[in-house]
Amino acid sequence: MDRFVCIHGHFYQPPRENPWLERVEVQDSAAPYHDWNERITAECYGPNTRSRIMDPEGRTLRIVNNFASISFDIGPTLLSWLETEAAEVYERILAADRESRRRFGGHGSAMAQSFNHTILPLASPDDRRLQIRWGLMDFESRFGRPAEGLWLPETAVSTPVLEALAEAGVEFTVLAPTQARRIRPLSGGEWTDVSGGRIDPTTAYRALLPSGRSIDLFFYDGPISHALAFERLLDSGEAFARRLTGAFSEDGAARPWPQLVHVATDGETYGHHHRYGDMALAYALHLLDSGGAVRLTNYAEYRHRVPPRFQVEIVENTAWSCAHGVDRWRADCGCSSGEHPGWNQAWRAPLRSAFDGLRDRLDPLYRSVAAELLRDPREAREEYLRVALDRSDARREEFLARQGRRPLGPEERIRVWKLLEMERHLQLMYTSCGWFFDEVSGLESSQVIQYAGRAAQLAGELGDGGAEAALVESLRSVPSNLPEIGTAASVYDRFVRPTSVDLLKVCAHYAVSSLFEAYGPRTAIDAFWVDRREEVHRQIGGARLAVGVVEVTSAVTTESSEITYGVIHLGGLNLLGGARTFRGREAFHDLVVTLDAQFEMGDLPGVLESLTRRFDGLQYSLRSLFRDRQRQVVHQIMDGVLAGAEQSLRQVYLSSAPLLRFLSAQRIPFPPVFRTALHYTLNADLREEFGRRPLRVDRIRSLLDEARRWNTPIEGDQMGFAPRRALETLLAELLRAPTDLERLREAVTLAEIVAALPYSVDLGTSQNLLYDLVIDHWEPQHRRAADGDPAAREWTGAIATLAEQLRLRLPS
């Protein structure tokens, strides 16, 4: 077959972690999800690992892993988040690459990506090399094989970038058609101008580099890719497939090679930017794969089958998302989201200048300090990623054995980790999204300023005490479009300083949180370990006191400190506390005796005075909690406050039931307070029942009947995820015990109830679980039922009912 199709998805999210906590904190703009990674995973990454192919009646016919049939790259920062926060999605992506290797002649469909999406033509030579090598190292550590190709962030390219790729062993990359300048046969001859997007995209090309190296380039089909991203081609999987097959030329003389029609877009096109885009992709792949007219492939397999015939030269310093070369990441070029007419991006150039200044200030610091501790500072920086991916003691020892100039003492080791973390954050601050959007105080720009702040803070701990002040001063020349912001220095004060963390702040978080949660001897708090040495808790009425000693250790730099804390909660939001470096057992025990005596006597003013004196002021409160835990604690406090009101509403409902029946029979309108009591109580009781195990089905039906009797709405926002999770829990248990008929009957009944709810419930995960159950067990159970096994007959009948409720088509 001489016609090939390749669909490429560039899947990427910028690093969003708090640089001090190494965790993504809650992002309200992503609601109802915790953060944007979680939201886009639910809308795109997850669905593409389990995408639906539907039958004409709207039932799911097959569930497929799109990643196994397309070419794709996924950014290391996104893969790192998926590994810990969406493990099943992560594993299915890795499995898809393994499957693609079996399918495409040993060539996996996954491509690498440079580490944190830095615009490589704008990076220094050393940083460019590091970004590529870290991207390749991360890829191999996850996919278990070397990468053949690497996707360039924003396809931003220059000859030095191609040289760096080739030097690192990368065999090919993918560019936009507008990035090709001219071509000629590899055998030599006249050049043909193909600028302006006129290159024939149906074959591979080779760039011969000044060093004597070479790298192969693919230029995707621009019109079809544009239609996918911006012209709603994904409204129909059939139209998508038809557009791809229609791009082949029938003129064998014009294209005397096996033709490749290929498209490339952001992977988020398939589900996040276009709802159900994953299903359109799945159906298009199904049509292409089963039609017989074309063969699906990936770039690595195609270039192995069809080596390049033409030499190509690129247009220097260009990208797929900027009409002005790479100016979108360094100048007010006019490229923006278009959402804020009248705004400018005059902040882009001075922001880059501020970061370049910080890098140029800190790089000599790294080289000079590292030279005292490490054999080869440049090599150590490149190898450090292995530690960043696995911070185990064994990996650290292995690194220091190879890279240490000599056996290093504990304090020297801490300096090594701080040096290398400083360098890692200098890389993260150049993440492209920091310049892509419209405003320097936006989420993405604030994030890269946080990374710069973390690098400057580490520099201060390594001897450059003026680095942070110099950074802030340079940010004063970075203008905001918002008068209330002024400059990026205000962004630093508003969004960086409050998020920065040291060991004392971690202790303060632990101390405040300990009043609301019982901790064990050792507790992981994001990127820190807290080991309890001593602890005293006291409570009288609504007042609670906690005093203790803990050792706080950074899991990143290994720096640690013993810290004493004292905190008192007087009820509601009234919480105050302090923390200081541990000053010995005698001082701590004296503090405990004093506070104990005062607290037992109810002398709360005395307790506050003693805490203030011993900790040089009470600088910590509920505001000291890290953002996610702060919200949890505030909700706990609110739950306590609301408990009385909720009980009153329930009492109104229970005591007025006869009156309500009379009013209903006489068609007399309910007073608003009765309606409120009905609405709250019935929704709360239903939510509680859906969370029970085992389920009380009769009670759930009774409550639903009661709601219908009083015409009281059952609302999705009131119920939360309770019905969905109840069904998912039952089906997950069934997967572990597939022939448990009692649990299967319960699942059928619950599915019927969920289907009858007066609002839509997301049944995607339940359908995935049922599909797995059917794939693994339907055929043997069906055979047993045909042989007369009564249990198997009941099983197949119940599964058929469940499949009908979940709109899943069973095998013939």
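This short presentation walks through selected local features of one protein model, from a helix and its sheet to some unusual backbone positions.

Good morning. Please keep in mind throughout that the model is predicted.

I begin with helix α5, which covers residues 159–167. Which residues of α5 are buried? They are V161, L162, E163, A164, L165 and A166. It may help to recall that an α-helix has 3.6 residues a turn, so residues three or four places apart point the same way. The buried residues of α5 pack against several elements: the helix α4 (125–143) and the strands β6 (150–151), β7 (172–175), β10 (205–208), β11 (214–219) and β14 (310–314). After the helix comes G169, and the phi of G169 is positive, near 95°.

Several of those strands belong to one sheet. In what order do its six strands lie? The order is β7-β11-β10-β14-β8-β9; the sheet is open, and its pairing is mixed. At the edges are β7 and β9, the latter spanning 192–193, and each of these edge strands pairs on one side only. Within the sheet, β10 and β11 are antiparallel partners, joined over four bridges. One residue pair can be named here: Y205 has L217, in β11, as its bridge partner. The helix α5 lies across β7, β10, β11 and β14, and α5 runs at about 115° to β11.

I turn now to the backbone. As a general rule, most residues other than glycine have a negative phi, and most peptide bonds are trans. Four places in this model deserve attention against that background.

Two of them concern phi. T155 is not a glycine, yet T155 has a positive phi of about 50°. This residue sits in the loop between β6 and α5, just ahead of the helix discussed above. Is T155 buried or exposed? T155 counts as buried, because its relative accessibility is 0%, and the cut-off for buried is under 20%. R807 likewise has a positive phi, of about 60°, without being a glycine. R807 belongs to the segment after α29 (790–805). With a relative accessible area of 32%, R807 is partly exposed.

The other two places concern peptide bonds. The bond from A31 to P32 is cis, with omega near 10°. P32 is part of the loop that links β1 (3–11) to α1 (36–49). A cis bond is also found from R693 to P694, where omega is near 0°. P694 lies in the loop between α23 and α24 (697–709).

Next, a feature of the surface. Which residues form a nonpolar patch there? They are L659, F662 and I668, which together have about 270 Å² of accessible area. I668 is placed in the loop between α22 (657–665) and α23 (672–690). Its relative accessible area is 39%, so I668 is partly exposed.

Finally, consider Y759, in the loop between α27 (741–756) and α28 (764–786). Why does Y759 count as buried? Its relative accessible area is 18%, and the limit for buried is under 20%. Y759 also illustrates how sequence and space can be compared: 43 residues separate Y759 from G716 in sequence, while their C-alpha atoms are 6.3 Å apart in space.

To close, I suggest returning to α5 in the structure above and tracing its course across β7, β10, β11 and β14. Thank you for your attention.

Conventions. Residues numbered from 1 in each chain as written. Predicted model: local features only at pLDDT ≥ 70, side-chain atom pairs only at ≥ 80, totals over all residues. Heavy atoms only, no water. Buried < 20%, exposed > 50% of the residue type's maximum accessible area, 1.4 Å probe, protein only. Helix = DSSP H or I, 4+ residues; strand = E, 2+ residues; numbered from the N terminus. Contact = heavy atoms within 4.5 Å. Pairing = 2+ DSSP bridges. Axes fitted to C-alpha atoms, helices over the stretch in contact; angles between N-to-C directions. Patch = residues over 30% accessible without salt bridge, like charges linked within 9 Å, V, L, I, M, F, W, Y side chains within 5 Å. Areas by Shrake-Rupley, 256 points an atom, 1.4 Å probe, with all protein chains shown as cover. Salt bridge = Lys/Arg side-chain N within 4 Å of Asp/Glu carboxyl O.
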